[in-house]
Protein chains: 2
Amino acid sequence: MSLPIPGNPVRGSKSGQPIMALFDLLGRNWAMGIVWHLSKSPSTFRQLQAYCESVSPTTLNLRLKELTESHFIERTVNGYTLTEWGKQLFDLLEPMGKFAKGWAGKFK
Amino acid sequence: MSLPIPGNPVRGSKSGQPIMALFDLLGRNWAMGIVWHLSKSPSTFRQLQAYCESVSPTTLNLRLKELTESHFIERTVNGYTLTEWGKQLFDLLEPMGKFAKGWAGKFK
DNA sequence: TAGCACTGCTACAAATAATGTAGCAAAATA
DNA sequence: TATTTTGCTACATTATTTGTAGCAGTGCTA
């Protein structure tokens, strides 16, 4: 699966609209979970593996590469961390946590 | 693939934390794109198919069922539309559009 | 009221993506 | 130097998505 670059055709949008590229990227297994977790603290590969209970190292590695190439995360001496863009992205994801809790009430 | 119900184990979270259930649901192919599009206008199955250029009817139908059971969309005489929860979800997704445009600049 | 078009799907094989397990080389630690 | 830990890679199995065909129901329209 290739990296969804905005401006280029991506899965589901020949025009490569940025929002579609972003949805393609974030929609991949574990992408949002990784960003979510890294917002709490920088983490090593193994820590992310432990956090994302059922991710395979194959997929985790692929996601990390994609998120790195997309400028959302980077690898430092402390492990993987969010970049400035990554932090901004998290700011958009963060309110979903509260929303999800309210939404969860629908299933009780 | 079963519906990720918050409170139950979902892909990647045995505890079924709401945010993880939401990420699981929205992370599936086309889920965010469908919500995005329905925020513009109610749409029929075929309209969604045309919008989501490469979605297969199989997957589209599955996503529509999941989003319906998750209370984010519903089917009316005008086609599929967002529910109140769906609209709230879109309000969270919407800022990503602007963000994505800025992010796209990184790839020029 | 017999066509014809359109809609909302279902079927199913082929292609693509993710998982699960094993394990290895490099770096850190003892 | 011997372990342990880390960051992966390999690869077979399983799950998901695509792509294409097509069908039944509804609504025109002649």
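A polar contact here is a pair of N or O atoms within 3.5 Å. With that in hand, a polar side-chain atom of N61(B) lies 2.3 Å from a phosphate oxygen of DNA strand C. Please keep in mind that this is a predicted model. Below is a short tour of the surface near the DNA strand, the empty spaces in the protein, a hairpin in chain B and an aromatic pair that joins two chains.

**The surface near DNA strand C**

- There are 19 residues around DNA strand C, and those that come nearest are N29(A), S56(A), R46(B), N61(B) and Y80(B).
- Y80(B) has a polar side-chain atom 2.3 Å from a phosphate oxygen of the strand.
- For T58(B), the partner is a base nitrogen of DNA strand C, which lies 3.1 Å from a polar side-chain atom of this residue.
- Looking at the DNA side, 59% of the strand C atoms within 4 Å of the protein belong to sugar or phosphate, and the rest belong to bases.
- Both protein chains take part: α4 (57–69) of chain A, α3 (45–51) of chain B and α4 (57–69) of chain B each supply at least two residues of this surface.
- By residue type, the surface near DNA strand C has seven nonpolar, eight polar and four charged residues.

**The largest pocket**

- The largest pocket holds about 180 Å³ of space.
- Its lining is made of 14 residues, and N29(A), W30(A), R11(B), F23(B) and D24(B) are the closest to the centre of the pocket.
- N29(A) is worth a second look, since this residue is also among those that come nearest to DNA strand C.
- Three helices each give at least two residues to the pocket lining: α1 (18–27) and α2 (31–40) of chain A, and α1 (18–27) of chain B.
- Of these helices, α1(B) provides the largest share of the lining, with four residues.
- The pocket lining divides into six nonpolar, five polar and three charged residues.

**The largest cavity**

- Rolling a probe the size of a water molecule over the atoms shows where empty space is left.
- How many cavities of 30 Å³ or more does the structure hold? There is one, and the largest cavity has about 150 Å³ of space.
- Among the 13 residues that line the largest cavity, R11(A), F23(A), D24(A), N29(B) and W30(B) lie nearest its centre.
- Two or more lining residues come from each of α1 of chain A, α1 of chain B and α2 (31–40) of chain B.
- The largest share of the cavity lining, four residues, belongs to α1(A).
- Six nonpolar, four polar and three charged residues make up the lining of the largest cavity.

**The hairpin in chain B**

- Strands β1 (residues 73–76) and β2 (residues 79–82) of chain B pair in the antiparallel sense over four bridges.
- A hairpin of two residues joins β1(B) to β2(B).
- Within this pairing, R75(B) stands opposite Y80(B) in β2(B), and Y80(B) is the residue with the 2.3 Å approach to a phosphate oxygen of DNA strand C.

**Aromatic pairs**

- Over all chains, the structure holds 12 aromatic pairs.
- One of them brings together W85(A) and F99(B), whose ring centres are 5.5 Å apart and whose planes stand at 65 degrees, so the pair is edge-to-face.
- W85(A) lies in helix α5 (residues 84–93) of chain A and F99(B) in helix α6 (residues 95–104) of chain B, so this pair joins two chains.

Terms used:
Residues are numbered from 1 along each chain as its sequence is written. Chains are lettered from A and ligands numbered from 1 in the order in which they are written. This is a predicted model: local features need pLDDT of at least 70, side-chain atom pairs count only at pLDDT 80 or more; totals for chains, interfaces and linings use all residues. Side-chain values use heavy atoms; hydrogens and water are left out. A residue is near a molecule or strand if one of its heavy atoms lies within 4 Å of it. A polar contact is a pair of N or O atoms within 3.5 Å; within protein, one must be able to donate a hydrogen and the other to accept it, and residues adjacent in sequence count only if both atoms are side-chain atoms. Ala, Val, Leu, Ile, Met, Phe, Trp, Tyr, Cys and Pro count as nonpolar, Asp, Glu, Lys and Arg as charged, and the others, Gly among them, as polar. On a 1 Å grid over the protein atoms alone, a cavity is a set of points where a 1.4 Å probe fits but cannot get out, and a pocket is an open set with protein on both sides within 12 Å along at least five of seven lines; lining residues have an atom within 4 Å of a point. Grid points are joined across faces, edges and corners, and a volume is the space filled by probe spheres set on the points. Two strands pair if DSSP finds at least two bridges between them. Rings of Phe, Tyr and Trp (its six-membered ring) pair if their centres lie within 6.5 Å; planes under 30 degrees apart count as stacked, over 60 as edge-to-face and the rest as tilted.
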